[in-house]
Every structure is written in C-alpha cells, then in structure tokens.
Amino acid sequence: MPTAIRCAYKVIFDAIWHFSEDDGWAMASHVALSTLLAVFPFLIFGTALGSFLGADQFAETAVHLIFDTWPESIAAPISREVVAVLTIPRGGLLTVSVLAAAYFASNGVEALRISLNRAYRVAETRYWYMTRLASLGFVIAGVLALAVISIVLVAAPLAVRATGDWLPWLSYVYSWVESWGLVGTVLVLLIGLLIAHLWLPAGRRRIADVLPGILLTLLFWAVGAYAFASYLTAFANYVSTYAGLASIMIALVFLYMIGAIFIMGAEINAALLKYRVKHLILDRIRGVRKTRQAEEESMEDEAIAREQGANAGR
C-alpha cells in the first residue's frame, strides 16, 4: 500500500476512533445547545454595546453574518425572533440583564473550548476564572468586530458618494465588494474558526497545524447545510411532531450536526499532528527519502509519544 494512502487511512481512522471514544457525539450536543443558548444573549449584549459605540446597525449586521451560513428554512424563523428581541428598549450598557447576557454568551465559547481541548487531546492548565475571563474577552472582541463591520457598512456608501467626483474607481470597487456578500460571511467564519482553533484550547498551534481541519469544516458545513435543507424540504415534517417547538428543534438538530463537524475538524488536525504528516510532506518536497520501514517506525514512535504525553497531562 502506498505511503500516502496508508497515512491517510491512519489519520482518518484515528480521528474517528478518538471522536467516538472521547464522547464526541455528547460534546457535539453540548456545543449545539450552548450555542443556541448563547446566540440571544450575545446579540442582546452586542446591541447594547454597539448602541453605546454608535453602531446602530449592529443588530442587522450581526443577524446577517450569523444566519447567512444557515439554510433559509432554519434561519428565517429564528432571525425573526432575534429581531423581535433586539427591538425591546433597554436601559443601558451596565444593566444587570445586559451583563448577565454577556456571561451567558460566554458559555457558548466555553463549550467550544472544552470540545477543542478534548479533540486536540490536551489537558487544561489554566485556572477556571482565567478561562472564563478569556471567554468573556472573546465575546467582547466578537461584538467589537461586528460593531466595526456595521459602522464600515454604513460609512462606506457615504464615503463613495462624497469622493465620487475625484475617485470614480472607488464606486466600482464598492459595488464589486457589495456583490460578494456571501464570500464576506465565509471569510468572517474562516477567521472565527482560525481564532477558535489557535487560541481557545490549551497549548500552542500554528496556522499550518489547524488549517486542514478548518478547511474540511467549511467544506462539510456547506455540504451538510445543503443536505439538511434538502431533507427538510423533501421529507421532514417537524411541525406535525413538535408543533410550536419545531423551529427550535430544527435549529438544535442543525447545530448538533455542525458541532460534530467542528469537533471532527479538530480531531483531523490532532491526528495529522500525531502522525507528523506535515513533516512527512515537507521531507518529500525537500527530497529527503526514507525507507518505508523507517517512515513507519518514525510515525508510530511519534504517535505513541504524543498519545502518552496527552494521557499524562490528563
């Protein structure tokens, strides 16, 4: 069997086996429920902070960026409820309800952190209050990023109109960028996945270490969303089963699928690191040749060492 096929088999088998052995399905449901429970508090806190910073279009921007990657049949009912929630007047940024919303939103980040720690086979070394503060920091950073995007989306058309006489090319650039709305959403999702994989779990990883799993996550996210939307259209009848809870149940099932894909992407990265696949590829590119037996022994020794280190950390 060629080395590439044998290595791919070991990586895929190891990722699936560890996902099943380490409660991957249960962690996917934890991520799904925590994400759904965090969406409303995140948007409530973000709207309050965005209004304080002058980003009045925060709610509209956030709803588009969050739900544009969901199938329309799933996103439409929830986005309507989100808009209804965000139109409720609130007293200010430092009210108890807004601060509580920030805390509850951080629970979603905590679920991602725990699932990534398990997938990357690392033990958490930070104190619980440090991880909670870090999760709150990620929530605030996400709100600020969406606030900046919403401000730019409002200011960009004004800037184009103001400079149209002496910078006519700017209007063409703006119209081109505006037509790529879905690409912008995917780009924001890609950046979010990079941040999550690099800085949420314990330990250190480089972009090259996490990029394969992230790209697979995006690919299977798109395929899964299309397949699930087709399933809802052709076969499923959740309304007759769950009545008024249908939209929530559909969202939970979809997020459960996305949670499993997200964790599996990290499992693939961990398996690639375990078997030193990047080093094997670089050795082939540089022309460094090893015998088949030496490659297998090196791969197995490194895998055993990494597994023993992960188990010792736990």
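## An all-helix pattern in a predicted model

Read along the sequence, the protein chain follows the pattern α-α-α-α-α-α-α-α-α-α-α-α-α. The model is predicted. In numbers, the protein chain has 13 helices and zero strands.

Of the 314 residues in the protein chain, 39% are buried. The protein chain exposes about 17,600 Å², and carbon and sulfur atoms supply 69% of that area. Among contacts between residues at least 6 apart in sequence, 81% join residues at least 24 apart.

**A buried alanine**

Ala15 lies in helix 1, which covers residues 3–21. Is Ala15 buried or exposed? The relative accessible area of Ala15 is 0%, so Ala15 is buried, the cut-off being under 20%. Leaving aside residues up to four places away in sequence, Ala15 touches Arg121, Met264, Glu267, Ile268 and Ala271. One of these partners, Met264, is 249 residues from Ala15 along the chain, and the C-alpha atoms of the two are separated by 7.1 Å.

**Helix 11**

Helix 11 runs over residues 246–274 and has 29 residues. What span should helix 11 have at 1.5 Å a residue? The expected value is 42 Å, and the end C-alpha atoms are 42 Å apart, so the two agree. Arg276, just after helix 11, takes a positive phi of about 55°.

**Two loop residues with positive phi**

Asp23 and Arg121 both sit in loops. Asp23 is not a glycine, yet its phi is positive. Arg121, one of the residues that Ala15 touches, is likewise a residue other than glycine with a positive phi. The table sets out their values.

| Residue | Phi | Loop | Relative accessibility |
|---|---|---|---|
| Asp23 | about 60° | between helix 1 and helix 2 (24–53) | 42%, partly exposed |
| Arg121 | near 60° | between helix 5 (96–119) and helix 6 | 7%, buried |

Why does Arg121 count as buried? Its relative accessibility is 7%, and buried means under 20%, so Arg121 falls in that class. Asp23, at 42%, counts as partly exposed because its value lies between 20% and 50%.

**A nonpolar patch**

Which residues form a nonpolar patch on the surface? They are Tyr127, Trp128, Tyr129, Met130 and Leu133, with about 650 Å² of accessible area together. Tyr129, a member of this patch, has its place in helix 6, residues 128–162. With a relative accessible area of 40%, Tyr129 is partly exposed.

Methods: Residues are numbered from 1 along each chain as its sequence is written. This is a predicted model: local features need pLDDT of at least 70, side-chain atom pairs count only at pLDDT 80 or more; totals for chains, interfaces and linings use all residues. Side-chain values use heavy atoms; hydrogens and water are left out. Helices (H or I, at least four residues) and strands (E, at least two) are DSSP runs, numbered from the N terminus. Buried means under 20% relative accessible area, exposed over 50%, partly exposed in between (1.4 Å probe, protein chains only). Contact means heavy atoms within 4.5 Å. Accessible areas come from the Shrake-Rupley method with a 1.4 Å probe; for residues, only the protein chains shown count as cover. The expected span of a helix is 1.5 Å times one less than its number of residues. Patches are made of residues with over 30% relative accessible area and no salt bridge: like charges are joined within 9 Å, nonpolar side chains (Val, Leu, Ile, Met, Phe, Trp, Tyr) within 5 Å. A salt bridge is a side-chain nitrogen of Lys or Arg within 4 Å of a carboxyl oxygen of Asp or Glu.
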